[in-house]
Amino acid sequence: MFKPKRCLDALPVALIALLIGRALYADNLVQDFYIPMPEAQIYQANSAIISGTDSNMLTTISIMVTTPGTRIYYDQWEDGYEVSLANPSQSTTRIWGDGNDANGIPPGFTHDPAVIPVGTVITLTNSVSYPRNPASILWDGGDHIAATAPLMVTRAAWPVKTGPVFAGAASLLPTSDYGTNFISPLGQDITNNNLTKYVGIFVMAAQNNTLVTIDTNGTGANLINLVLNQGQSYLVNGGLKKGARVTSSQPVQADLIIGHVGTAYASDWFTLYPVSKWASAYNTAVGSAANGHG
Ligand SMILES: [Ca+2]
Ligand SMILES: [Ca+2]
């Protein structure tokens, strides 16, 4: 005979089992990113492109959700990185998309959704003053993001006083697409191109004790050797020649910054892809023609 009370008794037990299960089994984080280009280094580069630029940067980090049920973990660099981001122990680490307001609500939401809708863009924006005081927990360069499903992440910034006329933006590669060998197609030796009067490069490591060598002119001379730790960035502040090379003992990410020196204002940023990702074909999006045909 059907006994409805039995079913009701079983419901809380099932819920408790589910909660215990979530506590015991950490999320499988399939993709992670480090926000490149720390604001202090963007300021250094901007200052080389045009003197007297504002040191206070307006940063925007955009995270697009591509898969239903994605949970996003955001680890602030300021208090050190989590030993295991899937098992966070720091109060500053946010978890978005698990329906629990206590461990973080994505900016733009009233409550943390149990399922973040596909196509949602979480926008993290704040001004980052210089010199940087790690006691202020901000959305900024060096922060670590991981998720249970693939994300699209970009970062942009500009000097607050100057405004977006002096902005740059870069798409982020997940650490799985980092590389150990990069070659710059741009350099200050490109002629007839005012935008490459300044060419600099940011290199950021994901692992401690990453040995990095930067060959600023691609000739094997003018080598810069350094060691970067997790989330640490180095800026070659201008002087890069085309064919400049970055090699490393562990995978790193690299971003170019270029600019027309002394003008108000001309600058651009590029995500550099490792040589291992190069191919002989490329794809480009095709718009619709006026007659409706592709
Ligand atoms: Ca942290
Ligand atoms: Ca931060």
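Me: Domain bounds come from an automatic or database domain assignment. What domains does that assignment give for the protein chain?

Reply: The assignment gives domain 1, covering 28-176, and domain 2, covering 178-275. Before we go on: this is a predicted model, where local features need pLDDT of at least 70 and side-chain atom pairs count only at pLDDT 80 or more, while totals for chains, interfaces and linings use all residues. Residues are numbered from 1 along each chain as its sequence is written, and chains are lettered from A and ligands numbered from 1 in the order in which they are written.

Me: How many residues of domain 1 are in contact with domain 2?

Reply: Two residues are in contact if their C-beta atoms, placed from the backbone, lie within 7 Å. By that rule, 24 residues of domain 1 are in contact with 26 residues of domain 2. Helix H2 (39-49) and strand E8 (168-171) are the elements giving two or more residues to that side of domain 1, and H2 gives the most, with 5 residues. The C-alpha centres of the two domains, by the way, lie 22 Å apart.

Me: What makes a residue on that side of domain 1 nonpolar, polar or charged?

Reply: Ala, Val, Leu, Ile, Met, Phe, Trp, Tyr, Cys and Pro count as nonpolar, Asp, Glu, Lys and Arg as charged, and the others, Gly among them, as polar. Sorted that way, the side of domain 1 that touches domain 2 has 15 nonpolar, 9 polar and no charged residues.

Me: How many helices and strands does the protein chain have?

Reply: Helices (H or I, at least four residues) and strands (E, at least two) are DSSP runs, numbered from the N terminus. For the protein chain this comes to 2 helices and 15 strands.

Me: Why are E1 and E4 called edge strands?

Reply: First, the pairing rule: two strands pair if DSSP finds at least two bridges between them. Four of the strands here form an open sheet in the order E1-E6-E3-E4, with antiparallel pairing. Strand E1 (31-34) and strand E4 (94-96) each pair on one side only, and that is what makes them the edges.

Me: How do you know that E1 and E6 pair?

Reply: There are 4 bridges joining E1 to E6 (residues 144-147), and the rule asks for at least two, so they count as paired. The two strands run antiparallel, and Tyr34 has His144 as its bridge partner in E6.

Me: Why is Val199 called buried?

Reply: A residue is buried if 20 or more other C-beta atoms lie within 10 Å of its own, exposed if 12 or fewer, and partly exposed in between, with C-beta atoms placed from the backbone. Val199 has 26 within 10 Å, so it is buried. Val199 is found in strand E10, and its contacts beyond four places in sequence include Leu186, Gly238 and Ile258.

Me: What covers the picture for E13, the strand at residues 233-236?

Reply: Both faces of E13 are covered: Ser233 and Leu235 are buried on one side, and Tyr234 and Val236 are buried on the other. E13 pairs with E10 over 4 bridges in the antiparallel sense, with Tyr234 as the bridge partner of Val203. Across the protein chain, 36% of the 294 residues count as buried.

Me: Which label fits Asn192, buried or exposed?

Reply: Asn192 has 5 other C-beta atoms within 10 Å, so it is exposed. Asn192 sits in the loop between strand E9 (179-183) and strand E10 (198-205).

Me: And why is Asn222 called partly exposed?

Reply: Asn222 has 13 other C-beta atoms within 10 Å, so it lands in the partly exposed class. Asn222 lies in the loop between strand E11 (210-215) and strand E12 (223-228).

Me: What makes the phi of Asn192 worth pointing out?

Reply: Most residues other than glycine have a negative phi, and most peptide bonds are trans. Asn192 is not a glycine, yet it has a positive phi of about 60°. Asn222 isn't a glycine either, and its positive phi is about 55°.

Me: Where do the cis peptide bonds with Pro131 and Tyr265 come in?

Reply: One cis bond joins Tyr130 and Pro131, with omega about 0°, and Pro131 is in the loop between strand E5 (121-128) and E6. The bond from Ala264 to Tyr265 is cis too, with omega near 0°, and Tyr265 is in the loop between strand E14 (245-259) and strand E15 (267-272).
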